[in-house]
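Subject: Structure handover

Hello,

Here is the structure you were going to look through. Please keep it open while you read the notes below it.

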Amino acid sequence: MYDLAIFWDWIGFSVRWLHVITAMAWIGASFYFIALDLMLKPAPNMPEGVSGEEWEVHGGGFYHTQKYMVAPAQMPEHLTWHKWQSYSTWLSGAALLMIVYWVGGELYLLDPTKAELALWQGIVISGGSLTIGWLAYDAMCKSKLSEKPTLLMLLLFVILVAMSWGYNQIFTGRAALLHLGAFTATIMTANVFFQIMPNQRIVVADLKAGRTPDAKYGKIAKVRSTHNNYLTLPVVFLMLSNHYPLSFGTEYAWIIASLIFLTGVTIRHYFNTMHKTGKGPHWTWAVTVLLMIIIAWLSTVRTGDTWQEAEARPLTPYEQKFASAASFDDAYNAVIGNCSMCHAREPAWGNMQWAPKGVYLETPSDVARHASAIYLQAGVSHAMPPPNAVQMDADARATLVAWVREVRSGG
């Protein structure tokens, strides 16, 4: 069983690596085509149906790109589709969500100080909630709101704020922000799968059949691609947020997440305008900096239970399993002697203001809750504690390994 824990951690690392690679490919392609579309300019002697062209230089060569507003007169022999980057990113992200927040839900998903949920209930909420945003957003896009794009985006922002608040009421701060990112990414991928690609297939089918494609399908696809463009940067922030407790370790984490969506709009507006006109509106950077200052200020508000509250809280069944082991007292003393100086609600080491990664290791419930992470970080590896902070001896590490192996072997 203990070998399985190491193997499982490497599976999680591998899927995370895949997710990052595919996300880079998707974001790169998305940003490139939005920029290209905005840079296209009319030119003399363009073929019929072409709305603009652009000359680019890269890698020692010149590229001449032309865009047909609807479609060329004939179907080209070779057509490259850009879709798998999006699908692969979402699928790998969904797999990573299951690995970290479903299988590891007792630690990373559920917060017993916020809501008393069984793991299966948390998983149902986690998975089921991801579809809500797409259904609401898609319904709005297909309604008369589609004629009022600014109002449509404002209503989408309201939905995102509401989901941010809702996630923060039941999940850990880390899980709340991550789920908001997954919620938004689901909208983006669903745009590709249910709207952009089907509309493009209709155009291709018309070309093959010798029919003149309807321009409305291209317009729909462009609108959804533009929405994705403005949502991308906030999603990247939310996916990275789990590494930075300042972003999620506060009662105002849901406001921080909401404001991040506004920075996504200001940053993308600058670059989109620059690509289109050659000059970006510099006021957007002032607004972005102001928003980040507000976010930094909100992050200083501490949240979570106090030491007294954590000490008094009954252990969850998961925590009880590790706390009831015969070797727990020795393991607990090893953690208190080597880890708690940093991983405390009020850290005592150096000028540290917050526990690394927002992980507290003070009370028996704290230590039992983080048993798997302790095993991997300070038991089988020497990642923690940092050698310049504490020189943890081999006996203490062996004690931690023996404790977790005892529990997992059923001893």
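The notes below go through salt bridges, a charged residue without one, cysteines and a few backbone angles.

First, the ground rules. This is a predicted model, in which local features need pLDDT of at least 70 and side-chain atom pairs count only at pLDDT 80 or more, while totals for chains, interfaces and linings use all residues. Residues are numbered from 1 along each chain as its sequence is written, and side-chain values use heavy atoms, with hydrogens and water left out.

Salt bridges

Side chains of opposite charge can pair when their charged atoms come close. The structure holds nine salt bridges (a side-chain nitrogen of Lys or Arg within 4 Å of a carboxyl oxygen of Asp or Glu).

Asp 138 takes part in a salt bridge with Lys 142, at 3.0 Å from N to O. Lys 142 is exposed, at 57% relative accessibility, whereas Asp 138 is buried, at 10%. Here buried means under 20% relative accessible area, exposed over 50%, and partly exposed in between, with a 1.4 Å probe and protein chains only.

Asp 138 also forms a salt bridge with Arg 224, where the closest N and O atoms are 3.0 Å apart. Arg 224 sits in helix α7 (residues 215-240) and Asp 138 in helix α4, so this pair ties together parts that are 86 residues apart in sequence. Helices (H or I, at least four residues) and strands (E, at least two) are DSSP runs, numbered from the N terminus. Both Arg 224 and Asp 138 are buried.

Another salt bridge joins Arg 345 and Glu 362, at 2.7 Å from N to O. Both residues lie in the loop between α13 (328-338) and α14 (364-369), so the pair ties together parts that are 17 residues apart in sequence. Arg 345 is buried at 10% relative accessibility, and Glu 362 is buried at 16%. Asp 37, Lys 67 and Lys 222 are joined into one network by salt bridges that share partners.

A buried residue without a partner

Which side chain of opposite charge is nearest to Glu 54? The answer is Lys 41, 5.5 Å away, and Glu 54 is buried yet has no salt bridge. For charge, Lys and Arg count as positive and Asp and Glu as negative, and His and the chain ends are not counted. Glu 54 belongs to strand β1 (residues 50-58). Beyond its neighbours within four places in sequence, Glu 54 is in contact (heavy atoms within 4.5 Å) with residues including Leu 36, Tyr 63 and His 64.

Cysteines

A disulfide is a covalent bond between the sulfur atoms of two cysteines. With the rule that the two sulfur atoms must be within 2.5 Å, the count is zero disulfides. Why does Cys 342 have no bond to Cys 339? The sulfur of Cys 339 is the closest cysteine sulfur to that of Cys 342, but at 8.6 Å it is too far for a bond. Cys 342 is buried, with a relative accessible area of 10%.

Backbone angles

Most residues other than glycine have a negative phi, and most peptide bonds are trans. Asn 45 has a positive phi, near 65 degrees, and lies in the loop between α1 (2-39) and β1. Asn 45 is exposed, at 79%. Lys 357 also has a positive phi, of about 60 degrees, and is partly exposed at 45% relative accessibility. The peptide bond from Met 384 to Pro 385 is cis, with omega near -10 degrees.

Regards
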